[in-house]
Amino acid sequence: MAAARRKKETPEIPLAPLPVSKPRKRFYMQKMPDGVGERAVRTGSFRSGARAQAVADFFGSGTTIRPESNQRSMESLLGELLSELDLQEDNLAPELLADAWKQAVGPALADFSALAGVARGRARITVKHPTVRYEITRLKPQIIRALNQTLGAGSVKSLIIASV
């Protein structure tokens with residue numbers, strides 16, 4: 001009897017229903033590239049696509065490119081690369097360049113520098129000492145004027161100075 005009384009005295013705790021997990025979404029709707037309409041895409045493929053995109057973004061490669069969309073002929077590729085390079089030199093004789101340089105800067109600077117070539121209005125100068133570079137930089141307008149008088153008007157627009 002004592003046991004029966006104890007059971008009546010303890011209140012019963014109502015049991016809460018167990019939480020039910022949501023079913024996993026197997027598809028999602030993706031908008032079409034043209035902006036009209038949607039299509040169903042498997043969730044797994046979305047995850048692998050997002051993973052690939054995250055890796056591409058991290059390494060800075062941007063979007064992945066299909067190999068067939070990136071095919072070009074070697075001729076068109078070489079033509080584009082060569083057109084970007086500064087390969088067109090004026091065909092001036094080295095003796096003519098040396099004489100024009102000596103007249104423009106004088107024998108003192110000409111002993112420590114040389115006019116390597118002229119291409120697209122830019123004269124490439126090589127110098128042997130930083131002091132000579134400073135003097136040529138300081139006298140740039142006069143040197144350009146003197147070179148244009150010797151080589152022809154408008155043949156030199158700027159100087160590019162490099163150390164040997």
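Biologist: Which residues of strand 4 make up its covered face, and which its uncovered one?
Modeller: In this predicted model, strand 4, residues 122-127, turns A123, I125 and V127 to its covered face, while R122, R124 and T126 lie on the uncovered one.

Biologist: And how does strand 3 run relative to strand 4, parallel or antiparallel?
Modeller: Strand 3, which spans residues 113-119, is antiparallel to strand 4, and the two are joined by 6 bridges. To pick out one position, G117 stands opposite R124 in strand 4.

Biologist: What links strand 3 and strand 4?
Modeller: The two strands form a hairpin with 2 residues between them, and R120, which sits in that turn, has a positive phi of about 50°.

Biologist: Staying with R120, how exposed is that residue?
Modeller: R120, in the loop between strand 3 and strand 4, has a relative accessible area of 42%, so it counts as partly exposed, since that class lies between the 20% limit for buried and the 50% limit for exposed. As for its surroundings, the C-alpha atoms of R120 and K157 are 8.5 Å apart in space, although 37 residues separate the two in sequence.

Biologist: What about strand 5, in which sense does it pair with strand 4?
Modeller: Strand 5, residues 158-163, pairs with strand 4 in the parallel sense over 6 bridges. V127, which belongs to the covered face of strand 4, has S163 of strand 5 as its bridge partner.

Biologist: Switching to helices, how do helix 4 and helix 7 cross?
Modeller: The axes of helix 4, residues 94-105, and helix 7, residues 140-151, come within 9 Å and cross at roughly 135°, and the two helices are therefore oblique to each other. The crossing is right-handed.

Biologist: Which residues make that contact?
Modeller: Helix 4 contributes L96, L97, A100, W101, Q103, A104 and V105, and these meet I143, A146, L147, T150 and L151 of helix 7.

Biologist: Zooming out, how many helices and strands are there, and in what order?
Modeller: The protein has 7 helices and 5 strands, and from the N terminus on they run α-β-β-α-α-α-α-β-β-α-α-β.

Biologist: How much of the chain counts as buried, and how much surface is exposed?
Modeller: Of the 164 residues, 20% count as buried, and the protein exposes about 13,400 Å², of which carbon and sulfur atoms supply 58%.

Biologist: Last one: what share of the contacts comes from residues far apart in sequence?
Modeller: Among contacts with a separation of 6 or more, residues 24 or more positions apart account for 44%.

Technical notes: Residues numbered from 1 in each chain as written. Predicted model: local features only at pLDDT ≥ 70, side-chain atom pairs only at ≥ 80, totals over all residues. Heavy atoms only, no water. Helix = DSSP H or I, 4+ residues; strand = E, 2+ residues; numbered from the N terminus. Buried < 20%, exposed > 50% of the residue type's maximum accessible area, 1.4 Å probe, protein only. Contact = heavy atoms within 4.5 Å. Areas by Shrake-Rupley, 256 points an atom, 1.4 Å probe, with all protein chains shown as cover. Pairing = 2+ DSSP bridges. Axes fitted to C-alpha atoms, helices over the stretch in contact; angles between N-to-C directions. Parallel < 35°, antiparallel > 145°, perpendicular 65-115°, else oblique. Left-handed = near helix turned anticlockwise from the far one by under 90°.
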